[in-house]
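Hello,

Here is the structure I promised to hand over. Please open it first, then read my notes below.

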Amino acid sequence: MGASVGIHIEGLSKRYGEGDTAVDALKEVNMSVAPGEVVGLIGPSGSGKTTLLKCLGAVIEPTRGRMTLGGEVIYDNGWKISDLRVLRRDRIGFIFQAPYLIPFLDVTDNVALLPMLARRPNGEARARALELLTALDVAHRAKAQPSELSGGEQQRVSIARALANKPPVILADEPTAPLDSERALAVMRILNQMATQYQTAIIVVTHDEKIIPTFKRIYHIRDGRTVEEAGEGRALQ
Amino acid sequence: MISLAGRDILHSWGKFVLTGLGLGLLIGVTLTMAGVYRGMVDDAQVLLNNSGADLWVVQKDTQGPYAESSSIRDDVHRGLLGMPGVAQAANVTYLTMQVRKGNTDVRAMVVGFEPGQPGEPSYLVAGRRITRSHYEAVADVNTGFALGDRIRIRRHDYTVVGLTRRMVSSGGDPMVFIPLKDAQEAQFLKDNDAIVNERARTTANPALNRPGVPGLLDAINASQTSNHNVNAVLVRVKAGYAPEAVAQEIRRWKHLQAFTRAQMEEILIAKLIATAAKQIGMFLVILAIVSAAIVAFIIYTMTLGKIREIAVLKLIGTHNRTIAAMILQQALGLGLIGFVVGKIAATIWAPAFPKYVLLLPGDSARGFVIVMLVCVLASTLAIRAALRVDPATAIGG
């Protein structure tokens with residue numbers, strides 16, 4: 001697989017339990033997202049979205065299959081990376097349904113925490129945080145506490161945090177769920193901008209009808225199997 | 001790397017300080033309990049120090065004069081003075097009683113002593129020493145008496161001519177020093193009705209009131225109203241003599257009990273206050289357990305309140321030891337706040353206690369180490385809970 005692919009999975013399966021009670025949450029899932037691309041992953045409740053996200057996020061181990069990240073094989077019927085914590089820290093960004101900012105850190109340190117965890121000097125980490133906050137237009141709230149931010153500002157800070165260690169892939173778990181249409185579309189606009197600017201592959205798990213038309217490519221997941229289709233790719237103002 | 005624990009404490013400092021305040025008061029009580037025990041030990045040692053004796057000679061087969069009653073004749077000291085190694089020997093009496101102070105009573109230990117001999121107050125903070133043979137007193141300032149005050153002891157009034165400090169019994173009662181003869185009278189003197197009654201009984205007894213023996217009845221009556229007993233003889237040993245060797249000679253030849261300083265300390269500390277010490281020790285253990293439980297509960301509750309943040313931290317790659325260190329540092333921070341508050345509180349309220357509370361720096365240092373250890377132990381429950389958090393819970397579904 002070439003380095004031009006952000007994340008690529010082939011035949012990824014996940015089975016919970018054994019014997020008669022076994023449940024196949026994922027069945028031979030294939031997916032490929034290029035750097036700079038934002039794809040949607042949609043499906044009804046219980047279809048396997050969250051399981052796929054957890055496998056992609058190296059939080060749970062798939063049963064079998066193959067997964068590459070930035071061209072490197074990280075899973076091939078078994079993890080090829082010894083420290084998944086470091087993998088998550090340095091190479092995967094996470095955006096959650098709620099921002100889940102650390103309440104006792106200010107905005108800058110919420111973003112700078114990841115580079116600091118990666119043992120980068122504090123000054124460098126904070127400079128990176130300010131760069132991202134500026135790009136996301138929340139630099140004026142750099143010293144504010146998360147509780148002092150609006151919902152939209154908090155979500156932008158969480159996007160900055162996901163980008164802090166320049167990961168090749170970002171996994172966004174329903175990032176627009178609590179937002180109204182205008183703010184949801186604003187978040188999608190930012191994700192697209194960041195994907196392009198930082199050449200990051202972004203997978204957005206959603207069932208938010210407001211943002212589905214904005215994807216150029218969508219993976220439908222149903223009963224643990226994915227089907228790829230072209231999206232509307234509606235322009236974001 | 002920033003201090004997550006420090007930031008969390010700063011973020012919710014009000015909660016931390018209030019919790020630390022509550023914990024601190026508990027630690028203050030614990031330190032005070034230790035101070036009460038130290039005060040009791042110090043009272044016992046002060047009593048021995050102030051007596052200025054190397055040996056305590058008391059009635060045979062007793063552990064007097066402080067732990068048990070002891071009565072010996074007041075001319076015994078003359079014989080002791082003739083023994084090798086004895087430099088000074090002085091009679092003393094000890095009587096714990098309620099002395100009148102105006103319309104109220106003060107519990108005090110009345111000490112009868114001979115001026116210039118072991119047993120007299122070693123220093124004064126005001127006034128002068130007793131110079132008259134009768135009816136003058138030196139009082140510890142804790143009795144509340146001032147110079148010139150009149151103290152009522154039995155049937156006589158004594159004028160306070162001097163004040164001393166930290167002269168207390170092993171029970172912590174302040175001392176009042178009066179001349180030995182007065183003290184002997186006070187210790188054994190009966191009231192007038194009892195004396196009249198006793199004389200009538202003696203007169204009616206034909207064995208004691210013999211017509212052919214003039215003066216016998218008067219002699220018997222006189223002996224009944226005089227006292228020639230003391231509680232102990234305090235002995236100072238000559239330089240170059242071992243107190244234990246001198247004590248052995250006294251036991252052998254005088255048929256009296258003689259205790260050295262070390263033996264008297266053993267009686268006072270290991271025996272007289274042993275039960276109280278165990279009582280306080282039990283309190284200390286219970287307070288330590290309660291403190292540990294409170295710290296554990298607080299830290300555990302605080303950690304449970306941050307489960308989602310901990311899941312996010314673990315998901316984004318925070319090491320388990322970083323999360324454990326955060327919880328541990330918070331527990332230690334809470335312990336530090338608690339200890340500082342407790343130490344200040346104990347220092348402020350210790351002088352208000354009716355008995356001496358001695359807060360030793362060594363006890364404080366030990367207390368600090370124990371508080372920190374208790375916090376470390378208490379945080380393990382919360383750390384276990386935090387380490388069990390699955391990072392996957394940060395992702396919905």
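Start with T93(B). Is this residue buried or exposed? T93(B) has a relative accessibility of 1%, so it counts as buried. The cut-off for buried is under 20%. Please keep in mind that this is a predicted model.

T93(B) sits in strand β3 of chain B, which covers residues 86-101. What does T93(B) touch, once neighbours within four places in sequence are set aside? Its contacts include V110(B), V111(B) and G112(B). L180(B), A183(B), Q184(B) and Q187(B) are also among them. N229(B), V230(B) and N231(B) complete the list.

Now look at V176(B). This residue is in strand β9 of chain B, residues 175-179. V176(B) has 0% relative accessibility, so it too counts as buried. Leave out residues up to four places away in sequence, and V176(B) still touches A108(B), M109(B), V110(B) and V111(B). It also touches A137(B), V138(B) and A139(B). T143(B), I151(B) and I153(B) are contacts of V176(B) as well. V110(B) and V111(B) thus appear in the contacts of T93(B) and in those of V176(B). One distance is worth checking on screen. V176(B) and P121(B) are 55 residues apart along the chain, and their C-alpha atoms are separated by 9.5 Å.

Next, chain B as a whole

Chain B has twelve helices and twelve strands. Why call chain B spread out? Its radius of gyration is 31 Å, and the globule rule gives 21 Å for 397 residues. The value for chain B is well over the rule, so the chain is more spread out than a compact globule. The C-alpha trace of chain B spans about 120 × 50 × 40 Å along its principal axes.

Of the 397 residues in chain B, 47% count as buried. Take the contacts in chain B with a separation of 6 or more: 74% of them are between residues 24 or more positions apart. Chain B exposes about 18800 Å², and carbon and sulfur atoms supply 60% of that area. Chain B carries 40 positive and 29 negative charges, with mean positions 6 Å apart.

Then chain A

Chain A has six helices and ten strands. Its radius of gyration is 17 Å, close to the 18 Å from the globule rule for 237 residues, so chain A is as compact as a globular protein of that length. The C-alpha trace of chain A spans about 55 × 40 × 35 Å along its principal axes.

Buried residues make up 55% of the 237 residues in chain A. Among its contacts between residues at least 6 apart in sequence, 67% join residues at least 24 apart. Chain A exposes about 9800 Å², with 46% of it from carbon and sulfur atoms. There are 29 positive and 28 negative side chains in chain A, and the centres of the two sets lie 3 Å apart.

Find S45(A) in the loop between β3 (38-42) and α1 (49-56) of chain A. Is S45(A) buried or exposed? Its relative accessible area is 71%, so S45(A) is exposed. The cut-off for exposed is over 50%. From S45(A) to L105(A) is 60 residues in sequence and 34 Å in space, C-alpha to C-alpha.

Where the chains meet

How many residues does each chain bring to the contact? Chain A brings 26 residues, and chain B brings 26 residues. Together the two chains bury about 2500 Å², 70% of it on carbon and sulfur atoms. In chain B, the residues that lose the most area to chain A are M1(B), I316(B) and I395(B). Together these three account for 25% of what the chain B side buries.

Two backbone angles

Most residues other than glycine have a negative phi. E28(A) is not a glycine, yet its phi is positive, at about 50°. E28(A) lies in strand β2 of chain A, residues 23-33. At 41% relative accessibility, E28(A) counts as partly exposed.

R154(B) also has a positive phi without being a glycine, near 55°. R154(B) is in the loop between β7 (150-153) and β8 (156-164) of chain B. Its relative accessible area is 41%, so R154(B) is partly exposed.

Best wishes

Technical notes
Residues are numbered from 1 along each chain as its sequence is written. Chains are lettered from A and ligands numbered from 1 in the order in which they are written. This is a predicted model: local features need pLDDT of at least 70, side-chain atom pairs count only at pLDDT 80 or more; totals for chains, interfaces and linings use all residues. Side-chain values use heavy atoms; hydrogens and water are left out. Helices (H or I, at least four residues) and strands (E, at least two) are DSSP runs, numbered from the N terminus. The radius of gyration is taken over C-alpha atoms; the globule rule is 2.2 Å times the number of residues to the power 0.38. Buried means under 20% relative accessible area, exposed over 50%, partly exposed in between (1.4 Å probe, protein chains only). Contact means heavy atoms within 4.5 Å. Accessible areas come from the Shrake-Rupley method with a 1.4 Å probe; for residues, only the protein chains shown count as cover. Lys and Arg count as positive and Asp and Glu as negative; His and the chain ends are not counted. The place of a charge is taken as NZ of Lys, CZ of Arg, CG of Asp or CD of Glu. Buried area is the accessible area (1.4 Å probe) that two parts lose on being put together, summed over both.
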